[in-house]
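Open your viewer and get comfortable. We will begin with the whole chain and then select smaller pieces, one stop at a time.

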Amino acid sequence: MNTVLQLKGHFEQRSNPNRPGPRNLPAKQKIKVSHVIDLRNQISDLITFWNDKKLFTKALVSVHYTDVVAKSNRIKDLLSESTKGSNESIVGARFDTTDDDIKHVITHCIYKDTLKRTVEELDDCITILNTQFSGELSVSQIDDINANRTSIANISKTKFVSLMVDCFHVDYINIDTDKESIEDRSIVTLYETDVRSAQILRQIGLSESKYQQLDDITFVMNPDQFEILKDAAPYLIAMAVTDITEIPAVDSNEIDEDPNFSITGPTNEPIVGVIDTHFYDKVYFRDWVEYHNEQSKEIELKPNDYDHGTMVTSIIVDGPTLNPRLEDNCGHFRVRHFGVAKNGRNNSSSIMRAIKRIVAENKDIKVWNLSLGSELEVNKNFISPEAAVLDELQFKNDVVFIVSGTNKPEEEISKKRLGAPADSINSIIVNSVDFEQRPTEYSRVGPVLSFFNKPDLSYYGGTFEDRINVYAPYGKRATYGTSFAAPWITRKMAFLIYKMGLTKEVAKAMLIDSAAGWKKNEFTSEVIGYGVVPKKIDNIVQCENDEIRFVISEVSELFDTYNYNIPIPVYQESQPFIAKATLCYFPKCSRNQGVDYTDTELDLHFGRIKDNSIKPIDNNIQNDEGKFFLKEGRARQLYRKWDNIKMIGEELKSSPRSRKVYDDGRWGISLKTKERLLGNSGKGLNFGLVITLKEINGKNRMEEFIRLCTLRGWLVNRIDIEHQIDVYNKADVEVEFED
């Protein structure tokens, strides 16, 4: 087996050299005056609707697009209040699937005067369309306007064209007032306006003493309070999700156990964080666990409140001893266990507050296991509050959460979407397979927000007939569930980060890369994610003798982060390799942006250098402006645009072909950074990249690759398990100085 290499070299950074040209319609399309009149009348109706609304000064407006719309095709001058366009006023986004076609609906909060000004501008446009263009405007006519070959009266040419392009991409404009009632205590999120949400609630009769506030726009309400809000201001409600997390009793069987079952004491092993139900401190591995009860001391804990948490922690501490067939060579781990819930019904809002506090107070822990989840399905149009908390913590802190994919009730026959917080985009979501690597009957499905691939990975979580061994407060037991698949991935993640010294971005990419193998990206499963992670850690940090695998950890500072200096071995005037690459990063996310949840996109280009540019292995054409027109929905499907995991490459076929050598045989990497919002949250964003080259003739060309990289100025480090463990152990030794 070859060791995985770590490459360190200089990446160049450059700003975007391209400036958007004049706007126009898609090829062969037209905008008709009748459609502009319809939009003008809809906005006029909104003026009437908002005239007598006094809860806040501004108006909420929902723009329904004709398709999944790219940022560049969002409205710019229509409803705009700034020279920077209408993007600043966005307070929510969702998908409309009523016609089976997925279409964007984006909600804005704007001044009422903006509605009046927009009507006046559209009146001017309607007059121009009727008097100068016979009621419809084509691409060639807009070209003439942009080239100053046609004059426009009463409005600037740039604004006229921009308004017409905006109108083309918009289907209709309205305000959403149809909201369903709630049946349980729920977490309710309001649209952000120019007045504090708490003040608005006070105006409609809901004082601060009647609800719990989580942040500026998020509140916990009971059904009666929600009805008061829905009756007074339904348009203010962005989303609502139940605040109840139901933790069912664990189905487990007794196992005859060795009375001498024991474990040696801990030394310098890494500490993993577990957030779960409570831990029973009389079990054989109790010395390995530091337990904290994070619930109120007034809450009475019953014996079964210790079951789930103790079982999960038993796998992290001593899983392979309990399950020899799942020996992973990761060793033992110490656990800092936080009990935040009990068996049965729990309040999600209380758990969220506890998680925030726990992570803030335990900065030394980088890897967290969370095997709690809701039985309710996540909403297709917004991320759950629990997942949003996890995503924010992972963006702001050097931590990673491994989260179970939640279980489907036994009586459920049809597919069931994942439950919160398994919709967390930055977390690693783990589903369960049986020991033949087939999805288990209780596994639930993705995607999340109709787009993001979830779950990420799968592992052995047992079945009703063939179970996972765990240790419970009352002895060794046999059970099953995604709760008991996730801790195995937590062990591997902890090994890669703590013992191998890898960043969380690289470690996550290595797990996904190892699970996917040489399957192509489009084979990603809604049930098992990118695949099943290998049992042994050796198969993650090593590769086959005919493979070259290397990892790169870097930071994106500007639009383009690139290196065109990767030397790939040449044999008989060709490069006998197929290639794949896996990219992971942890972006800032905005829950109030709905389906447009991730703020930053890293667009990966990797391939041969030809004429000083990259020829991507996946034929990525997203940045070939002027050459191709690629719809947003297609870009998301083909290139995972806005997803924080990218996997590109080729499927390993029976007769692969060598690659033609361009120029001097170099390959290159380029990551293009794109922002949805104005906060520039992608600046300084860390990313991890795993690249694998497979020699199609079965030859081992590792040493040649290392030599070429060294000559090109790369610092090459072998990620050797024994060496890294030795470094870890020595780094943790206490040094005593003589007086």
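A residue counts as buried here when its relative accessible area is under 20%. By that rule, 58% of the 739 residues in the protein are buried. Please keep in mind throughout that this is a predicted model.

**Stop 1: the whole protein**

Show the full C-alpha trace and turn it around: along its principal axes it spans about 90 × 75 × 65 Å. The radius of gyration is 28 Å, which agrees with the value near 27 Å that a compact globule of 739 residues would have. Switch on a surface, and you are looking at about 31,200 Å² of exposed area, with carbon and sulfur atoms supplying 45% of it. Now change to cartoon, where 15 helices and 36 strands appear. Of the contacts with a separation of 6 or more, 81% join residues 24 or more positions apart.

**Stop 2: an open sheet**

Next, select strands S2, S27, S34, S30 and S31. In that order they make an open sheet of 5 strands with antiparallel pairing. Which strands form its edges? They are S2 (12–14) and S31 (613–616), each of which pairs on one side only. From one strand to the next, the twist averages 35 degrees.

Zoom in on residues 600–610 and 666–675, which are strands S30 and S34; their antiparallel pairing runs over 9 bridges. For a landmark, pick His605, which stands opposite Ser670 in S34.

**Stop 3: aromatic rings**

Now show the side chains of Phe, Tyr and Trp; the structure holds 25 aromatic pairs. Start with Phe56 and Tyr235. Their ring centres are 6.3 Å apart and the planes meet at 65 degrees, so this pair is edge-to-face, the cut-off being over 60 degrees. Trace the backbone from each ring: Phe56 lies in the loop between helix H1 (33–51) and strand S4 (59–65), while Tyr235 lies in the loop between helix H6 (223–232) and strand S12 (237–242), 179 residues apart. Are these rings buried or exposed? Phe56 is buried at 5% relative accessibility, and Tyr235 is buried at 4%.

Move on to Phe279 and Tyr291, a tilted pair with 6.3 Å from centre to centre and 55 degrees between the planes. Phe279 sits in the loop between strands S15 (271–276) and S16 (289–293), and Tyr291 belongs to S16. Phe279 is buried, with a relative accessible area of 1%, whereas Tyr291 is partly exposed at 26%.

For the last selection, add Tyr284, Phe285 and Tyr471 to Phe279 and Tyr291: ring pairs link these residues into a cluster.

Key: Residues are numbered from 1 along each chain as its sequence is written. This is a predicted model: local features need pLDDT of at least 70, side-chain atom pairs count only at pLDDT 80 or more; totals for chains, interfaces and linings use all residues. Side-chain values use heavy atoms; hydrogens and water are left out. Two strands pair if DSSP finds at least two bridges between them. Helices (H or I, at least four residues) and strands (E, at least two) are DSSP runs, numbered from the N terminus. Axes are lines fitted to C-alpha atoms, for helices over the stretch in contact, and angles run from 0 to 180 degrees between N-to-C directions. The radius of gyration is taken over C-alpha atoms; the globule rule is 2.2 Å times the number of residues to the power 0.38. Buried means under 20% relative accessible area, exposed over 50%, partly exposed in between (1.4 Å probe, protein chains only). Contact means heavy atoms within 4.5 Å. Accessible areas come from the Shrake-Rupley method with a 1.4 Å probe; for residues, only the protein chains shown count as cover. Rings of Phe, Tyr and Trp (its six-membered ring) pair if their centres lie within 6.5 Å; planes under 30 degrees apart count as stacked, over 60 as edge-to-face and the rest as tilted.
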